[in-house]
Amino acid sequence: MTREEKSIAIENLTAQLAGSNTVYMADISGLDAETTSNLRRACFKAGIKLEVVKNTLLEKAMEASDNNYEDLSTILKGNTAILLSETANAPAKIIKEFRKKSDKPILKGAYINSEIYIGDNLLDSLASLKSKEEVIGEIIGLLQSPAQRVISALKNQFKDEEAA
């Protein structure tokens, strides 16, 4: 790879990192072609972009980014694939699903909304994170619940007054 090609690759990676608040880094080495293809297909269906990257280029892109990836540079050893998503828990769910059939992919680390997570032991925690839409739905449900009770009580009181 020439110096110019490396520079372009770093710029592309930096732009991808800037465009996503959710970046997972995983080791997918050792997966056969069919399994890798299945993983890519599952990621595509879930709206996740999967890309295998060179560690040195990714490290330089993280340094050039406005986001703070400081501790993630320590996990850039061996093969690294990045999973970029809009939904914080989607990549973790995909990895967890694939781990039912194989010992890979292994989660190296993640950057989610300015928070850094390092280690495969956090996979279950990351998979159980609620998406923004799920949290908003729960809040709306909680806010509607008291109002519905008040309306129901008023209707019942109105019916009781009509009956009397």
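**Helix faces and salt bridges in a predicted model**

Me: Let's start with Glu59: what is its relative accessible area?
Reply: Happy to begin there, keeping in mind that this is a predicted model. Glu59 belongs to helix α3, residues 55-64. Partly exposed covers the range between 20% and 50%, and Glu59 is placed in that class because its relative accessible area is 30%.

Me: Leaving aside neighbours within four places in sequence, which residues is Glu59 in contact with?
Reply: A C-alpha distance gives some context: Glu59 and Tyr69 are 10 residues apart along the chain and separated by 9.0 Å. Contact itself asks for heavy atoms within 4.5 Å. Once neighbours within four places are set aside, the contacts of Glu59 are Ser73 and Leu76.

Me: Staying with α3, what arc do its buried residues fall within, seen down the axis?
Reply: The buried residues of α3 are Asn55, Leu57, Leu58, Ala61 and Met62. They line one face of the helix, because their directions seen down the axis of α3 fall within an arc of 160 degrees.

Me: And what do those buried residues of α3 pack against?
Reply: On the other side of α3, Thr56 and Glu63 are exposed. The buried residues of α3, including Leu57 and Met62, pack against α1, β1, β2 and β3.

Me: How far apart are the end C-alpha atoms of helix α2?
Reply: α2 runs over residues 33-45, which makes 13 residues. At 1.5 Å a residue, the expected span is 18 Å. The model agrees with that expectation, since the end C-alpha atoms of α2 lie apart by 18 Å.

Me: Which residues of α2 are exposed on the side away from its buried face?
Reply: Let's find the buried side. Thr36, Leu39 and Cys43 are the buried residues of α2, and they fall within an arc of 60 degrees seen down the axis, so they line one face of the helix. Their cover includes β2 (49-53), β3 (80-85) and α4 (90-98). On the other side of α2, the exposed residues are Ala33, Glu34, Phe44 and Lys45.

Me: What phi does Gly47 take?
Reply: Most residues other than glycine have a negative phi. Gly47 comes just after α2, and its phi is positive, at about 75 degrees.

Me: Which elements do the buried residues of α4 pack against?
Reply: In α4, the buried residues are Ala90, Pro91, Ala92, Ile94, Ile95 and Phe98. α4 is also among the elements that cover the buried residues of α2. The packing partners of the buried residues of α4 are β1 (22-27), α2, β3, β4 and α5.

Me: What is the omega of the peptide bond that joins Lys104 and Pro105?
Reply: Pro105 sits in the loop between α4 and β4. Most peptide bonds are trans. The bond joining Lys104 and Pro105 is cis, with omega at about 0 degrees.

Me: How many residues apart are Arg99 and Asp120?
Reply: Side chains of opposite charge can pair when their charged atoms come close. Arg99 and Asp120 meet in a salt bridge with an N to O distance of 2.7 Å. The pair links distant parts of the chain: Arg99 is in the loop between α4 and β4 (106-112), Asp120 is in the loop between β5 (115-118) and α5 (123-127), and their separation is 21 residues.

Me: Is Lys100 buried or exposed?
Reply: Lys100 forms a salt bridge with Glu97, the closest N and O atoms being 3.2 Å apart. Glu97 counts as partly exposed at 38% relative accessibility. A residue over 50% counts as exposed, and because Lys100 has a relative accessible area of 64%, its class is exposed.

Me: How far apart are the closest N and O atoms of Lys49 and Glu51?
Reply: Lys49 is partly exposed at 39%, and Glu51 is partly exposed at 25%. A salt bridge needs the nitrogen within 4 Å of the oxygen. Lys49 and Glu51 form one, with their closest N and O atoms separated by 3.8 Å.

Me: One last stop: what is the area of the nonpolar surface patch that includes Ile139?
Reply: Ile139 is found in helix α6, residues 132-163. Patch residues need over 30% relative accessible area, and Ile139 has 44%. Together, Val135, Ile139 and Leu143 make a nonpolar patch of about 270 Å².

Note on methods. Residues numbered from 1 in each chain as written. Predicted model: local features only at pLDDT ≥ 70, side-chain atom pairs only at ≥ 80, totals over all residues. Heavy atoms only, no water. Helix = DSSP H or I, 4+ residues; strand = E, 2+ residues; numbered from the N terminus. Expected span 1.5 Å × (residues − 1). Buried < 20%, exposed > 50% of the residue type's maximum accessible area, 1.4 Å probe, protein only. Arc of directions from axis to C-beta. Patch = residues over 30% accessible without salt bridge, like charges linked within 9 Å, V, L, I, M, F, W, Y side chains within 5 Å. Areas by Shrake-Rupley, 256 points an atom, 1.4 Å probe, with all protein chains shown as cover. Salt bridge = Lys/Arg side-chain N within 4 Å of Asp/Glu carboxyl O.
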